[in-house]
There are 2 protein chains.
Amino acid sequence: MARNLVFILALTSLCIGLAAADWNILNKKLKNGAASRLKNYCESWRINVELNNIKEFEVVPQECVDYIKHYMTSSQYRADSERAIEEVRLYLSSCCTLEGDGKDAWIFDVDDTLLSTIPYFKKHGFGGEKLNATLLESWMEQSKAPALAHTLKLFHEIRDKGVKIFLISSRIETLRSATVDNLINVGYHGWSSLILRGLEDDFMKVQQYKSEARKRLTKEGYRIWGIIGDQWSSVEGLPAAKRTFKLPNSIYYLS
Amino acid sequence: MARNLVFILALTSLCIGLAAADWNILNKKLKNGAASRLKNYCESWRINVELNNIKEFEVVPQECVDYIKHYMTSSQYRADSERAIEEVRLYLSSCCTLEGDGKDAWIFDVDDTLLSTIPYFKKHGFGGEKLNATLLESWMEQSKAPALAHTLKLFHEIRDKGVKIFLISSRIETLRSATVDNLINVGYHGWSSLILRGLEDDFMKVQQYKSEARKRLTKEGYRIWGIIGDQWSSVEGLPAAKRTFKLPNSIYYLS
């Protein structure tokens with residue numbers, strides 16, 4: 001009888017344990033209902049930023065900050081960026097009859113294309129706070145931005161083909177030496193020119209400033225085979241490159 | 001004793017039931033590992049199509065057909081499209097000083113913008129089979145494509161503002177009457193012109209054909225306030241509209 005009782009008690013606790021596990025799962029599912037609606041909403045926000053349907057946002061919607069943070073630090077973000085770089089490689093394998101006259105050119109954006117600003121945004125609200133240029137620029141002064149590993153590899157592949165590399169960034173001119181240090185520290189070298197925003201470019205929107213820079217290059221006879229950037233303002237506008245590639249970035253918008 | 005035995009048996013079966021449920025969960029988790037890597041890959045493929053980094057694909061990668069089918073029939077696809085339409089609404093609320101001279105214009109693409117081809121692709125491999133124009137066109141002849149509900153609503157909102165609506169589609173001219181019937185059957189009416197591909201347009205790529213159609217409109221004095229389409233070839237090229245909106249579509253690519 002006593003042994004039976006022990007057996008019943010043991011079975012009962014096991015059952016309670018398993019039932020509790022199932023209850024947790026059920027509870028999780030209920031919570032997941034609301035979470036899944038929020039995920040739906042934030043995913044729609046993000047995809048419409050990438051489609052360039054949502055423009056000129058100043059902050060990530062508060063309720064989506066965690067979602068965007070999760071995405072921008074996820075293996076999905078890395079896979080998405082890597083796939084973009086793979087497509088550049090595919091394009092380069094067949095696109096271009098390089099003339100070897102030193103006039104074949106490729107353009108890279110700097111932030112979130114060659115260098116990642118994610119460490120900064122991790123400490124500053126991950127897009128949920130209005131961009132503080134002063135704080136961001138003092139972070140840039142420290143030259144501590146890591147490279148985007150897959151872009152770094154591609155950079156050297158393009159350079160090794162004999163294509164001249166131009167870096168057109170909306171960073172201001174006073175950040176030149178910090179930017180050069182940062183780029184070299186993480187493995188970039190051998191670019192032809194780093195174009196930064198001078199005082200005279202300050203009245204222009206980013207897209208216009210970058211278009212003007214391309215205009216100068218084409219006037220000098222360069223054939224721009226491609227541009228890679230994380231902002232639509234880096235790749236749109238005239239003169240156009242033969243192909244453009246947009247990396248994902250839903251933390252901030254530069255127009 | 002017999003009652004104890006019944007109790008033990010009942011508890012045991014309950015436990016086996018719960019344990020089986022847990023085993024299923026564990027098993028599911030293991031399978032989820034591989035499934036999650038595939039999801040990662042297919043999601044990257046899809047986002048790079050939407051970013052226009054992957055161009056001119058003829059078929060959805062075989063391993064991603066189920067994923068794309070799932071997305072294109074999901075609440076996420078609807079939410080993503082609805083958000084795009086919401087952004088059009090937001091733009092329209094402040095963008096345009098309509099002059100009321102009958103020259104304010106808006107352009108809609110037809111397939112997967114006004115009408116959905118998803119019922120067709122459900123029966124024809126969901127992008128995993130090379131597009132069969134003959135089969136697709138005989139389906140279009142039946143005028144059975146459903147409306148995209150949110151675009152239908154927006155269509156009438158734009159029309160009610162006094163903006164002239166132009167439908168520029170890559171459907172061929174012989175589908176005119178079937179297309180008109182289909183559009184009217186599902187609730188569209190009051191457009192100013194439905195532009196379809198004539199024989200003379202056949203040698204052009206879609207983007208060029210659509211750009212030429214816009215060129216004619218601007219020559220006639222129309223101000224094109226916006227374009228909505230599900231293909232980059234509907235919204236890119238010159239002359240440009242003041243704003244363009246891209247709906248998601250990763251089943252096929254028209255260049």
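In this tour a residue is called buried when its relative accessible area is under 20%, exposed when that area is over 50%, and partly exposed in between, with a 1.4 Å probe and protein chains only. The model is predicted, and local features therefore need pLDDT of at least 70 while side-chain atom pairs count only at pLDDT 80 or more, whereas totals for chains, interfaces and linings use all residues. Residues are numbered from 1 along each chain as its sequence is written, chains are lettered from A and ligands numbered from 1 in the order in which they are written, and side-chain values use heavy atoms, with hydrogens and water left out.

**Stop 1: a salt bridge within a helix**

Select B:Glu86 and B:Arg89, which form a salt bridge whose closest N and O atoms are 2.7 Å apart; the term stands for a side-chain nitrogen of Lys or Arg within 4 Å of a carboxyl oxygen of Asp or Glu. The two residues are three apart in helix 3 (residues 75-92) of chain B, and so are separated by about one helical turn; helices here are DSSP runs of H or I with at least four residues, strands are runs of E with at least two, and both are numbered from the N terminus. B:Glu86 counts as partly exposed because its relative accessible area is 39%, and B:Arg89 is also partly exposed, at 22%.

**Stop 2: two salt bridges from one loop**

Next, select B:Asp109 and B:Lys210, whose side chains meet in a salt bridge of 3.1 Å, N to O. B:Asp109 belongs to the loop between strand 1 (104-108) and helix 4 of chain B, B:Lys210 to helix 8 (residues 206-219), and the pair links parts of the chain 101 residues apart. Both of these residues, B:Asp109 and B:Lys210, are buried.

Then add B:Asp111 and B:Arg171, joined by a salt bridge with the closest N and O atoms 2.8 Å apart. B:Asp111 is in the loop between strand 1 and helix 4, and B:Arg171 is in strand 2 (residues 164-172) of chain B, so this pair ties together parts that are 60 residues apart in sequence. B:Arg171 is buried at 3% relative accessibility, and B:Asp111 is buried at 11%.

**Stop 3: a network with residues from both chains**

Show both chains and select A:Glu43, A:Arg46, B:Glu43 and B:Arg46, which are linked in a network of salt bridges. Over all chains, the count of salt bridges comes to 36.

While B:Arg46 is selected, add B:Tyr71, because B:Arg46 lies over the face of that ring, at 3.7 Å from its centre, and a charge is taken to sit over a ring if NZ of Lys or CZ of Arg is within 6 Å of the ring centre and within 35 degrees of the ring normal. B:Arg197 likewise lies over the face of B:Tyr209, at 5.4 Å from the ring centre.

**Stop 4: aromatic rings**

The structure holds 25 aromatic pairs over all chains, where rings of Phe, Tyr and Trp (its six-membered ring) pair if their centres lie within 6.5 Å, and planes under 30 degrees apart count as stacked, over 60 as edge-to-face and the rest as tilted. Select A:Phe121 and A:Tyr252, a stacked pair at 5.5 Å centre to centre with 25 degrees between the planes. A:Phe121 lies in helix 4 (residues 118-123) of chain A and A:Tyr252 in the segment after strand 5 (243-246), 131 residues apart. A:Phe121 is buried at 4% relative accessibility, and A:Tyr252 is buried at 11%.

Finally, extend the selection to A:Tyr120 and A:Trp139, which form one aromatic cluster with A:Phe121 and A:Tyr252.
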